[in-house]
Amino acid sequence: MHRLLASRRSFSPMLAILATASSFAACAPWELGEDEPPQVDDPSSVAIAAEPPPAISGGTLAVSKSAARAVAADPDRDRVWVVDLEGQRLIAEIALENGDEPGRVVEDGAGRFHVALRRGGAVVTIDADSGKIVGRRAVCPAPRGIAYDARTDALHVACLGGELMTLPAARGAATRHLQLDRDLRDVVVDGDRLLVSKFRSTELLTVNADGSVAERQKLPHFNLFGQEFAPTVAWRTVGLPSGGVAVVHQRALVAPVEVVEGGYSSGGCDGSIVHSTVTEVGAAGTTERPRISPALPSATLPVDLAVSADGASYAVVAAGRSEVLITTSATLNANAILDFGDGAGFNGEGTCVDAQQRVAVDGEPTAVAFARDAVIVQTREPAAIHVLGTPGISSNRVITLPGESRRDTGHEMFHRNESGPMACASCHPEGGEDGHTWVFNPIGPRRTQFMSGGILNTAPFHWDGDMSGIEAIMDEVFERRMGGVHQGPRRVNLFARWIDSLPAPPVSLVPDQNAVARGEALFHDKTVDCARCHAGAQLTNNESFDVGTGKAFQVPSLVRIGARAPFMHDGCAPTLRDRFTNPACGGGDLHGKTSHLGADQIDDLIAYLETL
């Protein structure tokens, strides 16, 4: 069942959002769908998955060119489902290896489907007719985006570690390996070039046919009622029929956030410090800069985007509210202006445009696609494919998929907030961080912190080390600062259980292993003095020190530090090299004794850090 919600402009006060992006637990963790949020432990209000499910990544659905089939990757169950949309039935259930975590799906010219295995380090090829796996090829430790190039009959795979791999669609090993920036997300074939997105920074790289990077384009900032917002978290980038791409992403407040009792807020559409939007970037050969699109109110956690075949309609999954938002490119562009590169952006009225349709989906939607005039939605829990018909013309249908329930209260608390414009995952996407430096008044600038890899072992929390544990986070941040409802100890424990289950992302191999070995020796050398504070499984001693930055800050974990730019509590170091070579940012020799190291030694130290 689906409910069509009336279109509206919402300027309601923000009731519950991610409070401080420098923490890991400021969110809206009440059980959704209840008349009142529980204030005590109610056994009927919680669910515990036998194995904690992965964080939502979104974008795990593809519809065949004929619109007859849907192929859905299921990272919660390590399955791929092949569904007959015309017959409304499941054709095949394809089991993958445990922990593969399938993600993006693409169809090639021969009708085969290729699935990027986010933790399996491979691409699996599926014959949809037989429902069988016909190939599995290693590509990189953490494949993210995948695209089919009809000109060369090849696949392009973008990886978290910065690898951009090219391999034949049919079979065979990679034919090209480019090393770009870390944190790659999606790859789109646009004529003879590739457009590759970066997840947290929302940067778009243009890669020529010869593998050179022709352009780096950052999405524009946005001014709303006199407050500046910066682009963050490019959840999904898809190609447009006329060329270029559309990006569904978030924007985060740049202006100071007032730390007051009852909630952090801004003058935005929802009163929120984060909002969602869709930005279009022009086709090859055009000189047009990206259009600065209006904010989409209450599009909480926009994990996927689909574009209709004619490019006229957009569908966005708002996972935090269990909704699909359907609007048109014309509606967004009618309220957009060109980015002239001067930071002007929007100002005044007309900057918040609600979707023309909001469809409430029964379950937890994570992916969306168009099949001619129908909108196809995948839900992770319960596992199903929803076919949304045209209001007044066709009815909605649900194709139930088999498999065990993966409902988990901790997972829900992290991702969902039906009453507010933000969820925990808004600033901690996929259990990580958004790369944004917030300015909290009167606390100061604080860079969002990383959550994966065993966060509970790094207490006390926050850069200031002022939160002794998760209970303190819930009491001080969620309840006092945000005005949230008190949570019983069982629900808090389930929330902590799920967060602590988040694995660190796979790490890519550094080509020069000799440099890594030399860097490791430097790291543990007492004359450099890194390991005195960054030690143990989490690479932190959980203490606070003033390392030349003006006050004492908590020693951060270095787990997967190479993929977590910018660095330091205030994000002052865009790269690890800046951390070591800019004493005003990194603290100089009060923060490890590195001033005597030569440039080659700094390179070695960075090489080692990138393996952690």
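# Exercises on a predicted model

Both Phe414 and Trp498 are buried. The model is predicted. The exercises below start from this pair.

## Exercise 1. An aromatic pair

Task: classify the ring pair of Phe414 and Trp498, and state which elements the pair links.

Solution.
- Count the aromatic pairs in the structure: there are 5.
- Take the pair of Phe414 and Trp498. The ring centres are 4.9 Å apart, and the planes make an angle of 45 degrees.
- Apply the cut-offs. Stacked needs under 30 degrees and edge-to-face needs over 60, so 45 degrees makes this pair tilted.
- Place the residues. Phe414 is in helix 2 (residues 409-415), and Trp498 is in helix 5. They are 84 residues apart, and the pair links distant parts of the chain.

## Exercise 2. Helix 5

Task: compare the span of helix 5 with the expected one, and list the buried residues of helix 5.

Solution.
- Helix 5 covers residues 489-501, which is 13 residues.
- From first C-alpha to last, helix 5 reaches 18 Å. The expected value at 1.5 Å a residue is 18 Å, and the two are close.
- The buried residues are Arg491, Val492, Leu494, Phe495, Ala496, Trp498 and Ile499.
- An α-helix has 3.6 residues a turn, so residues three or four places apart point the same way.

## Exercise 3. Three salt bridges

Task: for the bridges Arg216 with Asp181, Arg380 with Glu364, and Asp529 with Lys593, find the N to O distance. Then place each partner.

Solution.
- The structure has 39 salt bridges.
- Arg216 and Asp181: the closest N and O atoms are 2.4 Å apart. Arg216 sits in strand 17 (residues 213-218), Asp181 in the loop between strand 13 (176-179) and strand 14 (184-190), so the bridge ties together parts 35 residues apart in sequence. Arg216 has a relative accessible area of 43% and is partly exposed.
- Arg380 and Glu364: the N to O distance is 2.6 Å. Arg380 is in the loop between strand 30 (374-379) and strand 31 (384-388). Glu364 is in the loop between strand 28 (357-361) and strand 29 (365-371). The partners are 16 residues apart, and both are buried.
- Asp529 and Lys593: the N to O distance is 3.4 Å. Asp529 is in the loop between helix 6 (513-524) and strand 35 (544-545), Lys593 in the loop between helix 8 (583-586) and helix 9 (599-609), so parts 64 residues apart in sequence are tied together.
- Buried means under 20%, so Asp529 at 16% counts as buried. Lys593 at 37% counts as partly exposed.
- Salt bridges with shared partners also join Glu101, Arg118, Arg119, Arg185 and Glu430 into one network.

## Exercise 4. Charges over rings

Task: name the ring under the charged end of Arg185, and the ring whose face Arg251 lies over.

Solution.
- Arg185 sits over Phe199, with its charged end 4.0 Å from the ring centre.
- Arg251 lies over the face of Phe222, 4.0 Å from the ring centre.
- Arg251 appears again among the contacts of Thr232. Beyond its neighbours within four places in sequence, Thr232 also touches Arg200, Thr202, His249, Gln250, Ala252, Asp434 and His436.
- Thr232 belongs to strand 19 (residues 227-239). Its relative accessible area is 4%, so Thr232 is buried.

## Exercise 5. A hairpin and a small set of strands

Task: describe the pairing of strand 8 with strand 9, then find the edge strands of the sheet 21-33-34.

Solution.
- Strand 8 (residues 122-127) and strand 9 (residues 132-138) are antiparallel and share 6 bridges. Asp127 faces Lys132 in strand 9.
- The hairpin has 4 residues between its strands, and Gly131 there takes a positive phi near 70 degrees.
- Now the sheet. It is open, with 3 strands in the order 21-33-34 and mixed pairing.
- Strand 21 (257-258) and strand 34 (444-447) each have a single partner strand, so both stand at the edges with one side lacking a neighbour in the sheet.
- Strand 33 (residues 437-441) pairs with strand 34 in the antiparallel sense over 4 bridges. Phe440 has Gly444 of strand 34 as its bridge partner.

## Exercise 6. Helix 9

Task: list the buried residues of helix 9 and name elements that cover them.

Solution.
- The buried residues are Ile602, Asp604, Leu605, Ile606, Ala607, Tyr608 and Leu609.
- Their cover includes helix 6 and helix 7 (576-581).

Notes. Residues numbered from 1 in each chain as written. Predicted model: local features only at pLDDT ≥ 70, side-chain atom pairs only at ≥ 80, totals over all residues. Heavy atoms only, no water. Salt bridge = Lys/Arg side-chain N within 4 Å of Asp/Glu carboxyl O. Buried < 20%, exposed > 50% of the residue type's maximum accessible area, 1.4 Å probe, protein only. Pairing = 2+ DSSP bridges. Expected span 1.5 Å × (residues − 1). Contact = heavy atoms within 4.5 Å. Phe/Tyr/Trp six-rings, centres within 6.5 Å; stacked < 30°, edge-to-face > 60°. Lys NZ or Arg CZ within 6 Å of the ring centre and 35° of its normal.
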